[in-house]
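Student: I would like a close look at one part of this model. Please take the central pairing pattern and work outward from there.

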Amino acid sequence: VCNIRSCHNKCAMAMNSKPFTVFVEGNIGSGKTTFLEHFRRFEDITLLTEPVEEWRNLKGWNLLDLMYKDTAKWAMTFQSYVSLTMLEMHQRPTPTPVKLMERSLYSARYCFVEHMMRSGTIHPAEFAVLDEWFKFIMNHIHIDADLIVYLKTTPSVVYERIKKRARSEEQCVPLSYIEELHKLHEDWLINRQHAECPAPVLVIDADLDLSQITEEYKKSEHQILRKAV
Ligand code: DCP
């Protein structure tokens, strides 16, 4: 393996090795999509934004909307489809040395499904099925993970953003849900309460507004592009 740090990316590619894989995680409205867009200017990065549009249109059905309108009935179906689309993203062949993904199978399980189980939204039997799928995937399919970027936010800040962006399905999302999701992200990424935290975590202050956030995003560039600062 070439030891020259600055050419490591190219060498890795020439050797046909796996891309350096980064998951971007954080609460709803924490700016994951904006963060990914910041990296569009760089060569050699594959950006995989979350397949929200697929969740909104599966053969004409808006699963995200069904899930928010009747959570007890649709949460299991929705999370099952989220897992499938996330697995497809994890598996997607990447022709570049760096792969930047919005969310992962891990946050689906440790934040969203965990919340549904703890709040009683899904039946323990439904949780058991989702959990068995998750464990089977973890035990039998290799999921590349080299770095997690955690866009850390204050619940009240993202709550205001969610109200402002007015995604129709999210109109009824209460602050308490955002607070609980925040705690689950913290438990997973900061307090390490689950066995699996698959990669080192880089924490970014994502409370800053758009005019200031670029400077904050820049701080992560060298770790993602793996160049000397
Ligand atoms: N969602 C869910 N279960 C998951 C993943 C997402 O219920 N396993 C829901 C929560 C949101 C919508 O899907 O209503 C999209 O959530 P994300 O936080 O993943 O994406 P955002 O678009 O909010 O990200 P950001 O604003 O940070 O770019």
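Student: Start with one bridge. In β4, which residue is the bridge partner of Glu-25?

Tutor: The partner of Glu-25 is Tyr-150, in β4. Keep in mind that this is a predicted model.

Glu-25 sits on strand β1, residues 20-26. Tyr-150 sits on strand β4, residues 147-152. The two strands run parallel and are joined by five bridges. A second position shows the register: Val-22 stands opposite Leu-147 of β4.

Now take burial, strand by strand. β1 is mostly covered, with seven of its seven residues buried. Its two faces can be read off separately. On one side are Phe-20, Val-22, Val-24 and Gly-26. On the other are Thr-21, Phe-23 and Glu-25. Both sets are buried, so both faces of β1 count as covered by the cut-off of 20 or more other C-beta atoms within 10 Å. Note that Glu-25, the residue you asked about, belongs to this buried group.

β4 reads in a similar way. Six of its six residues are buried. Leu-147, Val-149 and Leu-151 make up one side. Ile-148, Tyr-150 and Lys-152 make up the other. Both faces of β4 are covered. Tyr-150, the partner of Glu-25, is therefore a buried residue under the 20-neighbour cut-off.

Next, step outward from the pair. β1 also joins β3, through five bridges, and these two strands run parallel. Here Phe-20 has Val-98 of β3 as its bridge partner. On the other flank, β4 joins β5 by five bridges, again in parallel. Ile-148 is matched with Val-201 in β5.

One pairing remains. β2 and strand β3, residues 98-102, pair in the parallel sense over four bridges. In this pairing Thr-46 stands opposite Lys-99 of β3.

Put together, the strands form an open sheet of five, in the order β2-β3-β1-β4-β5, with parallel pairing. The edge strands are β2 (45-48) and β5 (201-205), each of which pairs on one side only. Neighbouring strands are turned by 20° against each other on average, with direction ignored.

Follow β3 onward into the loop between β3 and α6, and you reach Arg-103. Its phi is positive, about 60°, although Arg-103 is not a glycine. Arg-103 counts as buried because it has 22 C-beta neighbours inside 10 Å, and the cut-off is 20 or more.

Compare a second residue of this kind. Ala-166 is not a glycine either, yet has a positive phi of about 50°. Ala-166 lies in the loop between α8 and α9. With 8 C-beta neighbours inside 10 Å, Ala-166 counts as exposed, because exposure means 12 or fewer.

Glu-170 is found in the loop between α8 (155-165) and α9 as well. Glu-170 is partly exposed because 16 other C-beta atoms lie within 10 Å, a value between the two cut-offs. Leaving aside neighbours within four places in sequence, Glu-170 is in contact with Tyr-68 and Ile-162. Ser-119 is another matter: Glu-170 and Ser-119 are 51 residues apart in sequence and 18 Å apart in space, C-alpha to C-alpha.

Then the ligand. The shell around it holds 15 residues, of which Ile-28, Lys-32, Thr-33, Ala-108 and Phe-112 come nearest. Two elements give two or more residues to this shell: α2 (32-38) and α6 (105-118). By class, the shell has six nonpolar, five polar and four charged residues.

Last, confidence. The protein chain averages a pLDDT of 90, and 92% of the residues score at least 70. Helix α9, residues 175-189, has the highest confidence, at a mean of 98. Helix α1, residues 8-14, has the lowest, at a mean of 46. Over residues 1-15 the pLDDT is below 50, and beyond near neighbours in sequence this stretch has 16 contacts in the model. For the model as a whole, ipTM is 0.94 and pTM is 0.90.

Key
Residues are numbered from 1 along each chain as its sequence is written. This is a predicted model: local features need pLDDT of at least 70, side-chain atom pairs count only at pLDDT 80 or more; totals for chains, interfaces and linings use all residues. A residue is near a molecule or strand if its C-beta atom, placed from the backbone, lies within 6 Å of it. Ala, Val, Leu, Ile, Met, Phe, Trp, Tyr, Cys and Pro count as nonpolar, Asp, Glu, Lys and Arg as charged, and the others, Gly among them, as polar. Two strands pair if DSSP finds at least two bridges between them. Axes are lines fitted to C-alpha atoms, for helices over the stretch in contact, and angles run from 0 to 180 degrees between N-to-C directions. pLDDT is the predictor's confidence in each residue, from 0 to 100. Two residues are in contact if their C-beta atoms, placed from the backbone, lie within 7 Å.
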